[in-house]
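Biologist: I have a model open in front of me and would like to learn how to read it. Could you take me through it feature by feature?

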Amino acid sequence: MLRLNTRDPGFDKAFRRLVRDRRESDENVARDVQIILDDVRNRGDAALAELTLKYDGHALSDDADWRISAEACREAFDALEPGLRAALELAAQRIRTYHEAQRPADRDQVDETGVRLGAVWRAVDAAGLYVPGGRAAYPSSLLMNAIPAKVAGVGRLVVVTPTPKGQVNPLVLAAAHLAGVDEVWRIGGAQAVAALAYGTARIRPVDVITGPGNAWVAEAKRQLYGVVGIDMVAGPSEILVIADGRNNPEWIAADLLSQAEHDPAAQSILITDDPLFADNVADQVGVELALLPTARTATESWNSHGVIIEVASLDEAPALANALAAEHVELAVEDPEPLFRAIRHAGSVFLGRHTPEAIGDYLAGPNHVLPTGRRARFASGLSVLDFMKRTSFIQMDEAAMRAIGPAAIALAEAEGLPAHARSVELRLGI
Ligand SMILES: NC(=O)c1ccc[n+]([C@@H]2O[C@H](COP(=O)([O-])OP(=O)(O)OC[C@H]3O[C@@H](n4cnc5c(N)ncnc54)[C@H](O)[C@@H]3O)[C@@H](O)[C@H]2O)c1
Ligand SMILES: N[C@H](CO)Cc1c[nH]c[nH+]1
Ligand SMILES: [Zn+2]
């Protein structure tokens, strides 16, 4: 864990390094991913089977090894223990309600020159939904992917999720049934993203790939953008907690570890104006790590990427947070509003002492698939719009052409494109 103090002379340099380390993508991962993508593109299912055996220890032999049937998903849902079923249904209902409000409106208007113009929104035909499953299984990510896709009106929803050592997570299947997913394939990592993008003999390609994953998954999506659409790059989790000294250190330590336990590459950062509180949180992290079943991953993450930054005043925090542009930002203070107004770059913000990030992971309503690696500077969390695209339209009559056509002719001639000019002139009888 790295301890910094904004009053130290070396702070600016150390902070710049911290920011730079988050921005740079790992060259080794990029190279390995490119090899995997090429392999799946060239050899299709044979490459998928080899890579799945290599990385997941799962043999893809008969059909049931490849794909989970709709019936198996329904059976998993029917077999759910009532408490878990109620929790899953509550999460689905809250996520659906939140995302239904994101449905965009079409535009259709006639302007003052008589030109009709506007835009219509249409869903993509097929979406590939990545549901992580390496270290842990993520039924919550299935809901976060599939529900906005359904709300958008996507015709074909294709889930890919790894089943390490052949172990299928029943809650993922139950969530697939609840959300109305069409296909569930037992593949993961960069190879699954490649299969969705290029298609194979077994798997038909999709138009857009969404969802979170580890460094290999995130890099695969990044490299395949253009072959398919993607939501954004949602890689190893990050949390930045801005907390004053009046918090319970146990709560804040748990919040930091809630993201550290996802991945050794995850990052947890605390910014506080109280040095004693900083010490207490650091101690508490040690205490909680000793009790955590996920301690191995969380310890690696905290030791390699954990940071505590002491500031003279919390007024310094927004500038630091904006430079880090973290996936999640918690504002653990009495009145979070002034800090919230100053946070410009964050995937999602959690306001006040009683709003732990983990509640957003499961069922608050907003999407938990969020940009990482400082991409919150330009990207947003997954939404209904990621499954849709906008087609603009224009309709003219003769009068409208007389009003704006001559300007088009002038511009076409200025660009040296006479066929463009001619196509307008003819309609003006020139
Ligand atoms: N940003 C977000 O919105 C968000 C949301 C949820 C989860 N996450 C992140 O999702 C990730 C889940 O990771 P996970 O590993 O548990 O599951 P995962 O499904 O993302 O990755 C597992 C796959 O990674 C591939 N892989 C593992 N090691 C590899 C290697 N050395 N070379 C090539 N491929 C390799 C394998 O193919 C394996 O199937 C975590 O990083 C978590 O923080 C992010
Ligand atoms: N924190 C993750 C996003 O970075 C989402 C998640 C799912 N389950 C638990 N957490
Ligand atoms: Zn989480």
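Modeller: Gladly! Keep in mind that this is a predicted model. A good start is the secondary structure: the protein has 18 helices and 15 strands. Its C-alpha trace spans about 85 × 60 × 45 Å along the principal axes.

Biologist: What share of the 430 residues in the protein is buried?

Modeller: Buried residues make up 43% of them. You can also look at how the chain meets itself: of the contacts with a separation of 6 or more, 74% are between residues 24 or more positions apart.

Biologist: Now the interior. Which residues have the most contacts inside the largest nonpolar core?

Modeller: The general idea is that nonpolar side chains tend to be buried together in soluble globular proteins. Here the largest nonpolar core has 114 residues, and Ala 127, Val 159, Val 193 and Ile 242 have the most contacts inside it. Helix H7 (residues 139-152) gives the largest share of this core, with 8 residues. Domain 1 (27-232) and domain 2 (236-368) both contribute residues, so the core lies between them.

Biologist: Which residues is Val 193 in contact with, leaving aside its neighbours within four places in sequence?

Modeller: Its partners are Tyr 130, Ile 209, Val 217, Ala 220, Lys 221 and Leu 224.

Biologist: Let's turn to the ligand. Which residues come nearest to ligand 1?

Modeller: Of the 30 residues around ligand 1, the nearest are Gly 134, Gly 188, Gly 189, Pro 212 and Gly 213. Helix H3 (45-56), helix H9 (189-198) and helix H10 (215-224) each give two or more residues to this shell. By type, the shell divides into 13 nonpolar, 12 polar and 5 charged residues. Domain 1 (27-232) and domain 2 (236-368) each supply at least three residues to the shell.

Biologist: And which residues does UniProt list under "binding site"?

Modeller: The unreviewed UniProt entry lists Gln 259, His 262, Asp 361 and His 420. They span 162 residues in sequence and their farthest two C-alpha atoms are 55.9 Å apart, so they do not all gather at one spot.

Biologist: Take Asp 361, then: is it buried or exposed?

Modeller: Count the neighbours: Asp 361 has 20 other C-beta atoms within 10 Å, and 20 or more is the cut-off for buried, so Asp 361 is buried. Asp 361 sits in helix H16 (residues 357-362). Beyond its neighbours within four places in sequence, Asp 361 is in contact with Ser 140 and His 368.

Biologist: Where is His 420 found?

Modeller: His 420 is in helix H18 (residues 418-427). With 15 other C-beta atoms within 10 Å, His 420 is partly exposed.

Methods:
Residues numbered from 1 in each chain as written. Chains lettered and ligands numbered in written order. Predicted model: local features only at pLDDT ≥ 70, side-chain atom pairs only at ≥ 80, totals over all residues. Core = buried A, V, L, I, M, F, W, Y, C linked by C-beta atoms within 7 Å. Buried ≥ 20, exposed ≤ 12 C-beta atoms within 10 Å, placed from the backbone. Helix = DSSP H or I, 4+ residues; strand = E, 2+ residues; numbered from the N terminus. Domains from an automatic or database assignment. Contact = placed C-beta atoms within 7 Å. UniProt positions renumbered as here; feature names shortened; annotations may be inferred. Near = placed C-beta within 6 Å. Nonpolar A, V, L, I, M, F, W, Y, C, P; charged D, E, K, R; others polar.
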